[in-house]
Amino acid sequence: PDYSESELIQIATLMLQGLNYRFDDEAEPAFARYVGLRRKQPHFANARSVRNALERARLGQASRLFADRHRALSRDDLTTLSA
């Protein structure tokens, strides 16, 4: 059976922890809303879809950080996904 939304968020959190990342306070509820909407779409692949979404989120974060090249980045900047 498919995972529940809360289980998928737990899976996402564990995946991020394994990569030394975390959600900030606004990102986790935003990601939960995304998962809720994504589950209703065709071709939802459970934890695989969550992993793919996290990869896109990490890429988006990297792009935002790279765009602000003159800013000194902290460890939290590099490891925290924001909404």
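In this predicted model, helix α2 runs over 12 residues and covers 16 Å from its first C-alpha to its last, close to the 16 Å expected at 1.5 Å a residue. The buried residues of α2 are Ala 27, Phe 31, Val 35, Gly 36 and Arg 38. As for what sits over them, the cover includes two helices, α1 and α3, along with the strands β1 (22-23) and β2 (80-81).

Phe 31 is a good place to pick up the packing. Leaving aside residues up to four places away in sequence, Phe 31 touches Ile 9, Ala 12, Phe 23, Val 50, Ala 53 and Leu 54. Phe 31 also turns up in the largest nonpolar core, a set of 16 residues in which Phe 23, Phe 31, Val 50 and Leu 54 touch the most other members. Helices α1 (5-18), α2 and α3 each put at least two residues into this core, and the largest share, five residues, comes from α1.

Leu 54 gives a view of that core from another helix, as Leu 54 lies in α3. Leu 54 counts as buried because its relative accessibility is 4%, and the cut-off for buried is under 20%. With residues up to four places away in sequence again set aside, the contacts of Leu 54 are Ala 12, Met 15, Leu 16, Phe 23 and Phe 31. Ala 12, Phe 23 and Leu 54 are among the residues that Phe 31 touches, while Ala 12 and Phe 23 are also among those that Leu 54 touches. A look along the chain adds a further detail: Leu 54 and Thr 13 are 41 residues apart in sequence, yet their C-alpha atoms are 9.7 Å apart in space.

Then there is the empty space. The largest pocket comes out at a volume of about 220 Å³. Its lining is made of 14 residues, and the closest to the pocket centre are Phe 23, Phe 31, Ala 57, Ser 82 and Ala 83. Two elements, α2 (27-38) and α3 (47-67), give two or more residues to this lining. The biggest contribution is that of α3, with six residues. Sorted by class, the lining holds nine nonpolar, three polar and two charged residues.

Phe 23 and Phe 31 thus appear on both counts: they are among the core residues that touch the most other members, and they are among the lining residues closest to the centre of the largest pocket.

Terms used:
Residues numbered from 1 in each chain as written. Predicted model: local features only at pLDDT ≥ 70, side-chain atom pairs only at ≥ 80, totals over all residues. Heavy atoms only, no water. 1 Å grid on protein atoms, 1.4 Å probe; cavity = no way out; pocket = protein on both sides within 12 Å on 5 of 7 lines; lining within 4 Å. Points joined across faces, edges and corners; volume = space filled by probe spheres on them. Helix = DSSP H or I, 4+ residues; strand = E, 2+ residues; numbered from the N terminus. Nonpolar A, V, L, I, M, F, W, Y, C, P; charged D, E, K, R; others polar. Core = buried A, V, L, I, M, F, W, Y, C linked by side-chain atoms within 4.5 Å. Buried < 20%, exposed > 50% of the residue type's maximum accessible area, 1.4 Å probe, protein only. Contact = heavy atoms within 4.5 Å. Expected span 1.5 Å × (residues − 1).
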